[in-house]
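Got the viewer open? Grab your mouse, and let's take a walk through this one stop by stop.

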Amino acid sequence: MEVKIQAVHFDATEKLQEFATKKVEKLAKSYEDIQKVEVQLKVVKPQTALNKQTSITVAIPGSGSQFVEKTCDTFEEGIDLCVDALKVKLTKLKEKTRNY
């Protein structure tokens, strides 16, 4: 599984990138055929609360891709929420494909 992290309007620290990679790699437990994961971290309005936007796109062969986006106070919280939402989506997708 290839993990690509993109930071928009700021430089992501090594620690934040490691955190994102570690969390995203846990998605493989929910769905085995994940080829590529793109994590986009963006600072929306620098002076306000809830200004960290996190979006994760998961590429799955034969099923297209799954996309989740969350806006939170910290990138860590956003990554956690996105990964949790993707686990639910991937579990549902796995159930659908298993029935065919």
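Here is a tour of selections to make, with a short note on what you'll find at each stop. Keep in mind that this is a predicted model.

**Stop 1: two helices side by side**

Start by selecting residues 14-25, which are helix α1, and residues 75-98, which are helix α2. Their axes are 10 Å apart and the helices pack at an angle of about 10°. Anything under 35 degrees counts as roughly parallel, so α1 is roughly parallel to α2. The crossing of these two helices is right-handed.

Now show side chains where they meet. From α1, pick Leu16, Phe19, Ala20, Lys23 and Val24. From α2, pick Phe75, Glu76, Ile79, Asp80 and Val83. Color them by class and you'll get 7 nonpolar residues, 3 charged ones and no polar ones in the contact of α1 with α2.

**Stop 2: the core**

Which residues have the most contacts inside the largest nonpolar core? Select Val24, Leu27, Ile34, Val37, Ile56 and Val58 to see them; the core has 22 residues. At least two core residues come from each of α1, β2 (36-43), β3 (52-60) and α2. The top contributor is α2, which gives 7 residues. As background, nonpolar side chains in soluble globular proteins tend to be buried together.

Stay here and center on Leu27. Leaving out residues up to four places away in sequence, Leu27 touches Ile34, Val58, Val83, Leu86, Lys87 and Leu90. You've met some of these names already: Val83 is part of the α2 side of the helix contact, while Ile34 and Val58 are on the list of core residues with the most contacts.

**Stop 3: Ser55**

Next, click on Ser55, which sits in strand β3. Is Ser55 buried or exposed? Its relative accessibility is 6%, and the cut-off for buried is under 20%, so Ser55 counts as buried. Show what surrounds it: beyond residues up to four places away in sequence, Ser55 touches Glu38, Val39, Gln40, Phe67, Val68 and Glu69.

**Stop 4: two loop residues with positive phi**

Head over to the loop between β1 (2-8) and α1, and select His9. Its phi is near 70°, a positive value in a residue other than glycine. With a relative accessible area of 66%, His9 is exposed.

Then jump to the loop between β2 and β3 and pick Leu50. Phi is positive for Leu50 too, near 55°, and Leu50 is not a glycine either. Its relative accessible area is 51%; since exposed means over 50%, Leu50 counts as exposed.

**Stop 5: along helix α2**

Go back to helix α2 and select Thr91. At 40% relative accessibility, Thr91 counts as partly exposed. Add Tyr31 and draw a distance between the two C-alpha atoms: how far apart are Thr91 and Tyr31 in space? You should read 7.0 Å, although they are 60 residues apart in sequence.

For the last pick, take Lys96, also found in helix α2. Lys96 is exposed, at 56% relative accessibility. Draw a line from its C-alpha atom to that of Leu50, the loop residue from the previous stop: the two are separated by 35 Å, with their positions 46 residues apart along the chain.

Terms used: Residues numbered from 1 in each chain as written. Predicted model: local features only at pLDDT ≥ 70, side-chain atom pairs only at ≥ 80, totals over all residues. Heavy atoms only, no water. Axes fitted to C-alpha atoms, helices over the stretch in contact; angles between N-to-C directions. Helix = DSSP H or I, 4+ residues; strand = E, 2+ residues; numbered from the N terminus. Parallel < 35°, antiparallel > 145°, perpendicular 65-115°, else oblique. Left-handed = near helix turned anticlockwise from the far one by under 90°. Contact = heavy atoms within 4.5 Å. Nonpolar A, V, L, I, M, F, W, Y, C, P; charged D, E, K, R; others polar. Core = buried A, V, L, I, M, F, W, Y, C linked by side-chain atoms within 4.5 Å. Buried < 20%, exposed > 50% of the residue type's maximum accessible area, 1.4 Å probe, protein only.
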